[in-house]
Amino acid sequence: LQPRILMHSSMRGLFGRVALGAKTLARRTAAIAGGGAALAVVSTAAPALCEPAAAKSPPFVLGGERYDQTTFMGRLATIQELIDIRSVLTTDEELAIAQDRLAEFKRLGRLPDGVTDDDMWGAQKMVGAIIHGPTGEKMFLPGRMSMFVPMNVPVTAGMIMARSVPATLFWQWGNQTYNVVNNYVCRAGPEVEYSALAQSYALAVTASCTIAVGAGKLLKVYPRLQSLGILVPYFAVISAGTCNVAFTRMDEIQNGIDVADADGNVLGRSISAGRLAVFKTVTTRSMFVPLCSLLLPPLMVRGVVAAGIFSAGSTGAFVFEVAAVAFALAVGLPAALALQPVQMEIDVASLEPQFQSLKKADGSPITHVYASKGL
């Protein structure tokens, strides 16, 4: 989720919406609970929308994919498993059992006794949603992609309520701070030094907030820009998002990420692969998720107001708008992430020279390597 106050400025110009009336802070704050309840329904139901029809599980492959990654629907099913909000309810005991099953499969080279392919796919899904692949550590809960939508609800409410520059800056800071946490937790590379992370955080938040607030002021100074519709806020949103991703994952750009062969054996660290991973993240999540957040909520709110269900500026309209943003994110996030496979297949010709003369155990040349682009 990106600058909501900017979205509202443009959408009011585009759709001629009635400006939100002055409401007391207490009334608006209480309404967030209603938005949270609506979010719970949306977030719980969203996984079911993307789950494929029940079918026999394919033979389990350690580190492999359950669904066909050459199709959008296959990638969508995979992403939905990774960001399933239900994974936050997983206990440490359940996670340990899943990890033990994967370790036993690796040791035996086959299914453990009494365990089915479906059990193994479920174990790999659970571990993939909770454990950070490059480090093997449990991901910080608020920063997991499964928490992306729930964590954005209070931020969204705050941005909608903001009516002053200090309030706008505060919520923009909160928004971009969470984006930094999310980008760091879901990065493709291993651990980075905290000093470098602190510098990246300062740069990301400063650049993102400057772009977001500056674009809002630009619309006020040059009202004719509102005739461009969502183009101005959209470019501001993706610019802020790109800065956030780039600065937060600067270590991947400068030092690269690990690449592996088809069997999962790490071959080394590639700077070219690291830059490609960040680029693919920007061109999927940062560029496509904002489209849903910019288009769907204003249209939905305009529709319920026109139908007389809620009056403009009412508490009901506010709650509905927050829920609409949650719905847009719940639908748009997995769709955007599914535009490209999480696991990149990279031609060695596009990488550094040390990866272009490697050979397999049988002596044949390695033509492609694999790496995660992160979420």
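Leaving aside its neighbours within four places in sequence, with which residues is Ile79 in contact? In this predicted model, Ile79 is in contact with Pro334, Leu337, Ala338, Val342 and Leu375, once those sequence neighbours are set aside. To see where this residue belongs, it helps to begin with the whole chain and then return to the core.

The chain contains 12 helices and 6 strands, and of its 375 residues, 47% are buried. Its accessible surface comes to about 17600 Å², and carbon and sulfur atoms account for 64% of that area. If we take the contacts between residues at least 6 apart in sequence, 76% of them join residues that are at least 24 apart.

We can now turn to the interior. In soluble globular proteins, nonpolar side chains tend to be buried together. The largest nonpolar core of this chain has 29 residues, and those that touch the most other members are Ile79, Met145, Phe318, Leu333, Leu337 and Leu375. At least two residues of this core come from each of helix 3 (72–82), helix 6 (148–161), helix 7 (165–185) and helix 12 (315–337), and helix 12, with 9 residues, gives the most. Leu337 and Leu375, which are named among those core residues, also appear in the list of contacts made by Ile79.

Helix 12 deserves a closer look. From its first C-alpha to its last, this helix of 23 residues reaches 33 Å, which is close to the 33 Å expected at 1.5 Å a residue. Helix 12 is also mostly covered, since 18 of its 23 residues are buried.

Further along the chain we come to a pair of strands. Strand 5 (residues 343–347) and strand 6 (residues 368–372) run antiparallel and are joined by 5 bridges; as one example of a partnership between them, Ile346 has Val369 in strand 6 as its bridge partner. Each of these strands has two faces to compare. In strand 5, Met344 and Ile346 form the covered face, whereas Gln343, Glu345 and Asp347 form the uncovered one. In strand 6, Val369 and Ala371 lie on the covered face, while His368, Tyr370 and Ser372 lie on the uncovered one. The bridge partners Ile346 and Val369 thus belong to the covered faces of strand 5 and strand 6.

How values were computed. Residues are numbered from 1 along each chain as its sequence is written. This is a predicted model: local features need pLDDT of at least 70, side-chain atom pairs count only at pLDDT 80 or more; totals for chains, interfaces and linings use all residues. Side-chain values use heavy atoms; hydrogens and water are left out. Helices (H or I, at least four residues) and strands (E, at least two) are DSSP runs, numbered from the N terminus. Buried means under 20% relative accessible area, exposed over 50%, partly exposed in between (1.4 Å probe, protein chains only). Contact means heavy atoms within 4.5 Å. Accessible areas come from the Shrake-Rupley method with a 1.4 Å probe; for residues, only the protein chains shown count as cover. A nonpolar core is a set of buried Ala, Val, Leu, Ile, Met, Phe, Trp, Tyr and Cys residues joined through side-chain atoms within 4.5 Å. Two strands pair if DSSP finds at least two bridges between them. The expected span of a helix is 1.5 Å times one less than its number of residues.
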